[in-house]
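Please open the model in your viewer with the cartoon and the side chains ready to switch on and off. The tour below goes from the whole chain to a few selections.

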Amino acid sequence: MALRAAGRQSLVDGVVEQLRAQLAEGEWQVGDRVPTEHALAEQLQVGRNTVREAVRVLVHAGMLQSRQGEGTFVVSTSDPAEVMRGVRRAGIRDVLELRIALEAEGARLAALRHSADDLRRIRATLESLEAFGRAGEQSADGHHELHAAHDLEFHTAVVEAAHNAALSATYGWFSSSVRDALVASLGDREVPSIVPADHRALVDAIASGDPAAAEAAARALLETPKRAIEALLATG
């Protein structure tokens, strides 16, 4: 299937978008070699330099890979940046549901794989969260942002104790959405506040080495805010 000719108003951006669309539509599969610069330039009616720049953009985006002497190959048909934008556009309930899935699995694995250093880190982040809750001024500027940061440090420590590189990377990438959702919920009086005792139950379950109890504790920790948000959405 031939590519549409690119307009002249924004050549590189136009070519990037057309190639991205072709990848998403299955014009080339993962592992396929895409046409040469010369062939793409003819199809798109643009210069080879424009095609080269567009391909470079998609290489940096993680969709294409250039191999010296072999050509350019497809490594992903979806743009990770577009996935990230989709998550950032998601509503607070969607973010919370994904958060539950990631943190529950992280807690389950942490119960099985944590080291003594992991446990010390988890407990230290919980102590910081508890200390902030005792000393923080509810009306102080930036209070919700700092509270969210302490809570996120705790949950990040739990996920990293799972010793799963893919899970840690995914959670790290997702953490900005978690932080935004936390700040929004902390500023809403209809959503229950963070309860350190619930976090303590999660730590105890991980320390005991019981994966089922740890997963259940992680889910229970977020079940109350989840129900509150669902109720708000139902009435809103």
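Helices and strands are here taken as DSSP runs, with at least four residues for a helix and at least two for a strand, and they are numbered from the N terminus. With those names in hand, keep in mind that this is a predicted model.

**The whole chain**

Begin with the cartoon of the protein chain, where you will find 10 helices and 2 strands, in the order α-α-α-β-β-α-α-α-α-α-α-α from the N terminus on. If you then colour the 236 residues by burial, 37% of them come out as buried. A surface view of the protein chain shows about 12,700 Å² exposed, of which carbon and sulfur atoms supply 51%. Of the contacts between residues at least 6 apart in sequence, 70% join residues at least 24 apart.

**Helix α3**

Next, select residues 48-60, which form helix α3. Its 13 residues should span 18 Å at 1.5 Å a residue, and this agrees with the end C-alpha atoms, which are 18 Å apart. Now show the side chains of Thr50, Val51, Ala54, Val55 and Leu58, the buried residues of α3. They lie on the same side of α3, because the arc they cover around the axis is only 130°. As a general point, an α-helix has 3.6 residues a turn, so residues three or four places apart point the same way.

Which elements cover the buried residues of α3? Add α1 (11-24), α2 (37-44), β1 (64-67) and β2 (71-74) to the view, since the cover includes these four. On the other side of α3, Asn49 and His60 are exposed. Just after α3, select Gly62, which takes a positive phi of about 85°.

**Arg20 in helix α1**

Move on to Arg20, which is found in helix α1. Is Arg20 buried or exposed? Its relative accessibility is 18%, and with the limit for buried residues set at under 20%, Arg20 therefore counts as buried. Apart from its neighbours within four places in sequence, Arg20 is in contact with Leu58, Met63 and Asp79; Leu58 is one of the buried residues of α3 that you have already displayed.

**Helices α6 and α9**

Finally, select α6 (residues 116-135) together with α9 (residues 196-208), whose axes are 11 Å apart and which pack at an angle of about 170°. The two helices α6 and α9 are therefore roughly antiparallel to each other. To see where they meet, display Leu119, Ile122, Arg123, Leu126, Leu129 and Glu130 from α6, and facing them Pro196, His199, Arg200, Val203, Ile206 and Ala207 from α9.

Notes:
Residues numbered from 1 in each chain as written. Predicted model: local features only at pLDDT ≥ 70, side-chain atom pairs only at ≥ 80, totals over all residues. Heavy atoms only, no water. Buried < 20%, exposed > 50% of the residue type's maximum accessible area, 1.4 Å probe, protein only. Contact = heavy atoms within 4.5 Å. Areas by Shrake-Rupley, 256 points an atom, 1.4 Å probe, with all protein chains shown as cover. Expected span 1.5 Å × (residues − 1). Arc of directions from axis to C-beta. Axes fitted to C-alpha atoms, helices over the stretch in contact; angles between N-to-C directions. Parallel < 35°, antiparallel > 145°, perpendicular 65-115°, else oblique.
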